[in-house]
Amino acid sequence: MLPFFILNMLQGKKILLGVTGSIAAYKAALLIRLLIKEGAEVQVVMTPAAAAFITPLTLSTLSHRTTLTTLSDNEKWNNHVLLGRWADLMLVAPASANTLAKMAHGLCDNLLLAVYLSAACPVMIAPAMDEDMWHHPATKSNIQQLLRNGNKLIPVETGELASGLTGEGRMSEPETIVEYLKDFLNNESKPLAGKKVLVTAGPTYEPIDPVRFIGNFSSGKMGIALADAFTAQGAQVNLILGPSYFLPKNTGITVTKIKTAKEMLDACLQFFPASDITIMAAAVADYRPENPAGKKIKKQENHLEVVLEKTTDVLKELGKQKKKDQFLGGFALETDHEEENALTKLKEKNLDIIMLNSLNDEGAGFMQDTNKVTIFTGDGKKKKLALKSKEEAAKDIVQFIIHALAKTH
Ligand code: CTP
């Protein structure tokens, strides 16, 4: 039997819709209809350029609220601070390259930007532009900056563009955008909603000269799977990723790419103070060449000696800085005396949790799609997971952490 009514997933949610000057602005009309149908209240704020693509009258009629375009109308000041506080979520769709650049750099020359800068609510961005503009390094770095600032990105689609060309850069379809909104707002009821998580993954490369390095076989898959699993439970995740061929599935994860152990340390020190949960899954080099050559080393003698110096143990450093309300974990990759070594690392690095991988277990460790992990906690618990895919192992580890945190709070 069909239910009497279907619950609207955006019922009562207040959405500030920012519309900017892009040909995709016409899709804002459909977007508003869908949002209203889902039970949301929609207040439209337009840039002056957007009005050239769709009239404020159309959007006011569909949203049942006056569309705002300027900081003052008819001698009335539009209070951008209150608008930012009114909303549960601000959605900028379509977001033109110009508005993205201004948002990334804090420029404020129209009402939409003033509202964005004062918005206390989460902000989602649905970019729309031509493929070349989308791929321009300036746009890419603006997007990275916006993600670092905590904005959420709704990925662009590939298809026919306003230029007549086909490629990447089309704004996501309104139906897809609404799905993203629903997912995001539902996230707020997930166990790790509001939590900031720092995950590291992949190897590090330590240069010997400009063309050679010392590295390791880590693929980054375990840490990437953890980043995705934390995000699925509502966390806001920063992933520090060494050289890896892989990326997380979830586009809401902020990825900072690094190469060396020193860069890993610097990135971790930057994100760690604000992180509630930190898991070091990266295979950080323990030693690096003491004096990397400035030029390519030529082949000469039969033997070449490269003197190595110790790197900083990132996890140990974070363990020293850890505050009472922070949860810190790492991995231990062992070939012998596995449990004993893992427990020593747990204690010496001041960790709450350590995941042991034994290279004696078939299917565990580097360059595999599977892993066999045993979890140890600072308060003496031990849990052995079966051999499973790294994605499944990551989900189990995250669930274990959620339970551990629930008990301590
Ligand atoms: N780790 C780190 N910085 C390093 C080395 C390791 O943060 N320079 C972290 C790893 O990310 C992992 C944990 O420490 O979470 C354990 O790493 P592992 O390589 O197993 O142990 P090490 O402490 O390096 O000791 P050893 O190599 O002697 O076993």
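A polar contact is a pair of N or O atoms within 3.5 Å; within protein, one of them must be able to donate a hydrogen and the other to accept it. Keep that handy, and remember that you're working with a predicted model.

**Exercise 1.** Find out whether N151 is buried or exposed, and work out which partners its side chain has.

*Solution.*
Step 1: Locate the residue. N151 sits in the loop that links α7 (137–148) to β7 (152–153).
Step 2: Check the surface. The relative accessible area of N151 is 6%. Buried means under 20%, so N151 counts as buried.
Step 3: Look for polar partners. The N151 side chain makes a polar contact with the side chain of Y116 at 3.1 Å, and it also reaches the backbone oxygen of L146 at 2.7 Å.
Step 4: Widen the view. Skip the neighbours within four places in sequence, and N151 is in contact with Y116, V123, I125 and L146.

**Exercise 2.** Trace the open sheet of eight strands and say which strands form its edges.

*Solution.*
Step 1: Write down the order: β14-β13-β10-β15-β18-β19-β21-β22, with mixed pairing.
Step 2: Pick out the strands that pair on one side only. These are β14 (254–257) and β22 (382–384), the edge strands.
Step 3: Check the turn. On average, neighbouring strands here are turned by 15° against each other, direction ignored.
Step 4: Zoom in on one pair. β13 (residues 236–241) pairs with β14 in the parallel sense over four bridges, and L241 stands opposite K257 in β14.
Step 5: Add the helix. α12 (residues 338–348) lies across β18, β19, β21 and β22, running at about 150° to β19.

Note on methods
Residues numbered from 1 in each chain as written. Predicted model: local features only at pLDDT ≥ 70, side-chain atom pairs only at ≥ 80, totals over all residues. Heavy atoms only, no water. Pairing = 2+ DSSP bridges. Helix = DSSP H or I, 4+ residues; strand = E, 2+ residues; numbered from the N terminus. Axes fitted to C-alpha atoms, helices over the stretch in contact; angles between N-to-C directions. Contact = heavy atoms within 4.5 Å. Buried < 20%, exposed > 50% of the residue type's maximum accessible area, 1.4 Å probe, protein only.
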